[in-house]
Number of protein chains: 2
Amino acid sequence: LPSMQTSGSKPCPCPSFKLREVASVYFTMIAVFLVILVVALQGSAPRGTYFPYKVPLDPQGLLELSWNVSYPEQAVYFQILSRELRYGLLFGMSDRGEFENADLAVLWSDGHSSYFGDAWSDAEGHLHMDSQQDYQLLGAHSATEGLYILFRRAFSTCDPKDYLIEDGTVHLIYGILEKPVHSLQAINISAIRRGLQRVQLLKPNITIPELPSDMKTMVITAPNVVIPSQETTYWCYMAELPDSFPKHHIIMYEPVITVGNEALVHHMEVFQCAAEFDRIPRYNGPCDSKMKPDQLNYCRHVLAAWAMGAQAFYYPEEAGLAFGGPGSSKYLRLEIHYHNPLVFEGRRDSSGIRLYYTASLRRYDAGIMELGLVYTPVMAVPPGEAAFVLTGYCTDKCTQRALPAAGIRIFASQLHTHLAGRKVVTVLSRDGREKQVVNADDHYSPHFQEIRMLKEVVAVFPGDELITACTYNTEDRSQVTVGGFGIMEEMCVNYVHYYPQTQLELCKSAVDPGYLHRYFNLVNRFNDEEVCTCPQVSVPQQFSSIPWNTFNRDVLKSLYSFAPISMHCNKSSAVRFPGEWEKQPLPSITETLREPVPRCLPALGPRPAIPVPLKLGEIRRV
Amino acid sequence: LPSMQTSGSKPCPCPSFKLREVASVYFTMIAVFLVILVVALQGSAPRGTYFPYKVPLDPQGLLELSWNVSYPEQAVYFQILSRELRYGLLFGMSDRGEFENADLAVLWSDGHSSYFGDAWSDAEGHLHMDSQQDYQLLGAHSATEGLYILFRRAFSTCDPKDYLIEDGTVHLIYGILEKPVHSLQAINISAIRRGLQRVQLLKPNITIPELPSDMKTMVITAPNVVIPSQETTYWCYMAELPDSFPKHHIIMYEPVITVGNEALVHHMEVFQCAAEFDRIPRYNGPCDSKMKPDQLNYCRHVLAAWAMGAQAFYYPEEAGLAFGGPGSSKYLRLEIHYHNPLVFEGRRDSSGIRLYYTASLRRYDAGIMELGLVYTPVMAVPPGEAAFVLTGYCTDKCTQRALPAAGIRIFASQLHTHLAGRKVVTVLSRDGREKQVVNADDHYSPHFQEIRMLKEVVAVFPGDELITACTYNTEDRSQVTVGGFGIMEEMCVNYVHYYPQTQLELCKSAVDPGYLHRYFNLVNRFNDEEVCTCPQVSVPQQFSSIPWNTFNRDVLKSLYSFAPISMHCNKSSAVRFPGEWEKQPLPSITETLREPVPRCLPALGPRPAIPVPLKLGEIRRV
């Protein structure tokens with residue numbers, strides 16, 4: 001796109017344009033579809049070009065994505081700023097960030113003319129024009145900082161080649177064209193500079209609560225750290241609250257990112273340390289260093305968590321997160337994950353998190369509860385599974401025992417698995433009937449864990465059940481994966497943020513070990529195989545000796561969906577509520593939630609679909 | 001629709017209309033969408049109003065459906081003739097003929113005006129207007145015999161409330177409005193005269209082969225039978241070929257239906273008797289009568305089969321079905337299924353089948369082969385299952401042994417189960433990779449079994465595998481359903497019609513009985529239950545004593561998809577090909593066929609959708 005090239009040094013001589021004007025040129029070009037397009041693009045002059053969400057796509061920050069979500073239109077408005085555009089770019093979405101079977105918007109130039117089109121890539125990565133153009137170009141304009149491209153995509157289109165934009169993680173992909181291409185088909189997708197970026201595209205539409213006048217702020221930032229020249233660094237920095245800092249409520253927090261490092265700071269968390277330690281040494285260094293004081297491992301109470309693409313986090317107006325005061329540690333640990341795949345050297349960073357807090361305590365303390373599976377090897381995933389589901393239960397008996405009669409309100413959730421995790425969902429059920437999805441991520445990635453505000457607050461009452469299911473992929477593994485703390489072991493957890501705080505910290509389950517023993521016996525007898533079932537052998541060892549044929553795999557699944565469970569209904573991770581928690585029946589579900597059928601909104605355009613020529617020269621002259 | 005009322009006795013004074021004219025009035029009414037409609041309705045002036053397929057909807061024949069399929073447009077053109085229209089009618093489709101969650105075209109009148117709309121019924125049977133109008137009205141006109149309504153529906157629309165028209169059986173539903181209604185919502189769907197009719201809507205688009213000049217015909221019809229005044233009668237009539245009738249090829253057959261009985265003759269078959277019997281007594285009476293000679297049970301070789309909605313059946317031009325000649329019986333049995341739900345009395349019928357045959361034998365004799373499951377109790381379906389799948393295999397080893405090197409060509413198929421059958425599919429796989437669907441019916445009904453021509457001939461070579469899966473619903477049963485011949489036992493069979501004829505008559509499987517015994521043992525031990533596993537107890541008895549918890553159900557499924565099989569690779573039902581056929585490994589499939597994603601074609605119209613007023617008066621004046 002030679003005519004579109006801009007650079008930061010040469011100021012662009014062309015004026016900027018109102019979207020309406022750009023859109024009107026576009027409309028005239030396809031006048032025959034005028035009526036329909038006007039209907040389709042009714043909201044296409046976005047309110048003051050307001051794109052509240054922003055994320056760099058590539059590690060150099062050459063491509064910057066901003067976006068906005070219109071729930072009434074069920075569509076996303078995208079704006080890409082391309083700082084050094086050469087011969088075009090690709091932007092799109094795919095299940096897990098792969099470039100095959102992806103849904104792409106492509107801007108390309110043959111050196112003379114430029115085109116925009118909605119395309120898809122097949123299983124071999126070859127590009128094809130979509131028969132229906134659902135990435136709708138709204139405009140393009142040059143500015144000092146680069147070229148802006150604006151387009152719109154409905155969440156759900158009627159084109160089976162298109163990606164369905166859903167809640168939870170979306171894997172965005174991008175590519176940069178550095179040579180002219182004569183057609184879409186001529187683009188060799190495996191030979192271009194490309195990458196992926198994960199974001200929560202469909203940010204919930206939440207009203208920001210009013211903030212009190214006595215609000216104070218506290219910035220916890222890294223002290224001018226030199227970012228190590230390696231792909232991945234977890235940096236740890238210890239901060240301290242003032243002495244005798246009384247109890248406050250954190251009511252909001254937001255990221256503070258050093259300008260220029262937007263593409264390197266992947267996520268950040270602030271933890272409070274355990275109150276048992278009178279003194280914790282200062283530290284400022286990598287979290288995995290041998291020099292790191294041991295006490296830092298006891299700084300695990302989350303005060304704030306931010307991940308790329310997230311905005312400020314607001315507590316609901318009735319609640320705040322308590323910190324300070326007697327019985328709480330004054331030591332805080334800031335952890336920053338630097339993602340530096342291009343191995344920049346000598347970059348300095350002072351990023352961190354700004355806490356907004358108040359001494360006028362709100363009505364409720366917020367709490368965090370762990371749902372899902374106990375960390376135990378009895379819950380295992382066979383090797384070579386594409387989508388194996390493990391389910392953890394928070395039973396009616398436990399919520400009956402532990403929750404107040406008025407119930408609790410869950411307002412945010414952070415999903416957690418180790419490396420094999422691909423999906424996580426928690427569903428609330430009442431009297432055996434599924435009522436509501438608490439949080440679901442069908443494109444979950446263990447590399448992108450953030451605290452997400454729920455679209456709507458979920459009320460949980462005594463007797464309700466919270467069922468958390470995690471889907472794992474172990475196709476690249478030759479050995480069984482058991483539950484546990486190790487990075488190659490697995491977890492299935494949903495940390496739910498709620499109020500008012502209760503004593504219930506953990507509501508998780510695992511299969512009854514006696515039934516697992518019967519399974520080992522059964523596998524032995526049915527297959528005439530030598531599986532050691534002697535009780536002195538550990539569960540991971542017994543699992544390791546199983547020959548993973550389809551029968552043994554299937555029966556393990558059947559066992560997990562039939563055998564009674566051992567419940568951990570705990571006040572803290574070691575103290576159970578009084579009651580009988582062993583060999584509990586599995587909650588039975590008599591009515592499941594109906595899968596929402598996405599209503600597709602076809603984009604209307606010429607058929608067969610043709611690329612839209614970008615007459616940038618003409619637009620400039622407007 | 002008072003203005004639309006017609007009756008057979010009063011000749012209608014109005015002229016008939018060309019479809020084009022009717023369509024043009026319709027177009028002017030919605031002029032704003034002209035351009036798009038012209039595109040959408042390009043084929044909407046059907047070639048000479050040609051509706052080759054016809055079926056009565058109700059048992060009285062008041063509603064008669066004719067239709068045509070346009071594969072280029074991926075749409076069906078419907079014509080309904082309503083002989084005594086009162087205040088409107090409903091016509092539509094649903095998964096199994098139910099009136100809840102159905103997709104409906106509705107014509108209704110409030111006594112003054114008439115309307116047409118695309119509607120859907122919810123789980124309670126309440127009617128709603130579709131937000132998108134996919135039943136597109138093409139016209140309506142009166143004639144002496146009644147009112148004709150013409151409309152069009154794409155196979156796949158973009159409306160999730162719409163039924164997806166697929167290959168195989170379609171359950172059509174109809175209703176008759178006998179009182180004026182003021183709105184769609186006012187129709188009480190449970191209080192109207194209504195019913196269902198099953199048809200194969202998507203008839204394959206097959207070129208009719210040229211017929212030889214020496215072709216002769218033979219009509220085998222019931223001799224003026226009085227149809228019994230009961231809902232269901234299977235009528236048996238014995239016919240005879242002339243003495244010393246030489247070998248001929250049947251190359252075509254077609255139904256002969258007594259005029260007026262179109263709604264009563266549900267299906268008909270002509271069987272040839274076994275050659276062992278020198279003489280078989282004449283018979284003309286119900287098939288289940290005690291007076292029926294026993295020898296009629298040996299008349300099971302199918303020569304012709306027709307079911308409601310089917311047309312003439314043509315053999316491919318290279319093949320014919322042999323009959324006559326030495327070694328073949330001269331006795332034929334005609335079986336007619338009369339469906340008489342209104343219990344008409346004294347109706348006389350002489351329906352039957354006309355065979356077209358030739359003495360100039362074609363190159364190949366056609367043959368029939370049985371695929372699927374052996375009739376044995378080891379294949380069982382637990383009670384209370386919504387969709388339990390049993391699978392029968394025709395292995396590579398058997399086709400290797402029995403098929404000629406040049407392979408065979410399957411051109412037609414008849415699916416068969418007993419009452420619990422809901423879906424049947426046969427897939428061809430080669431080297432572990434699924435290659436082609438031989439025949440599939442996702443809306444299969446045991447009450448509608450017809451021989452269906454395949455859309456394309458399937459070539460099967462030595463070493464290929466044919467895998468037949470049947471899905472059963474036993475939600476209404478409290479006892480296990482085992483395989484067998486009884487009506488309450490189950491079968492899973494695909495009778496494939498092919499050429500050239502081979503010795504292979506049966507290529508079916510069942511689970512290895514030894515592995516089933518291990519299952520009974522396992523269930524016993526795992527559940528601490530008293531299942532009698534002593535070998536002297538029969539398999540049905542052992543199955544009957546199983547407590548059907550989820551674990552025992554799941555493990556049975558796992559067993560069937562893991563345990564080795566016993567193959568029946570037979571020349572005739574009792575004679576196996578030489579070879580080892582016990583404890584054979586299950587075929588392993590490494591690559592499955594991709595589910596075709598139906599491309600939806602949205603109908604364009606005003607939103608929110610509004611009913612189309614039927615200005616019949618205006619149309620008459622055209």
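**Exercise 1.** Is B:Glu240 buried, partly exposed or exposed?

*Solution.* Start with the ground rules. This is a predicted model, in which local features need pLDDT of at least 70, side-chain atom pairs count only at pLDDT 80 or more, and totals for chains, interfaces and linings use all residues. Residues are numbered from 1 along each chain as its sequence is written, chains are lettered from A and ligands numbered from 1 in the order in which they are written, and side-chain values use heavy atoms, with hydrogens and water left out.

Next, the cut-offs: buried means under 20% relative accessible area, exposed over 50%, and partly exposed in between (1.4 Å probe, protein chains only). With a relative accessible area of 31%, B:Glu240 is partly exposed.

**Exercise 2.** Find the salt-bridge partner of B:Glu240 and place both residues.

*Solution.* First, the criterion: a side-chain nitrogen of Lys or Arg within 4 Å of a carboxyl oxygen of Asp or Glu. B:Arg282 fits, its closest N and O atoms with B:Glu240 being 3.5 Å apart. B:Glu240 sits in strand S14 and B:Arg282 in the loop between strands S16 and S17 of chain B, so the bridge ties together parts 42 residues apart in sequence. Strands here are DSSP runs (E, at least two residues), numbered from the N terminus. As for accessibility, B:Arg282 is exposed at 67%.

**Exercise 3.** Describe the bridge between B:Arg354 and B:Glu254.

*Solution.* Take the distance: 2.7 Å, N to O. Then the location: B:Arg354 is in strand S23 and B:Glu254 in strand S15 of chain B, so parts 100 residues apart in sequence are tied together. Finally, B:Arg354 is partly exposed, at 25% relative accessibility.

Key:
Helices (H or I, at least four residues) and strands (E, at least two) are DSSP runs, numbered from the N terminus.
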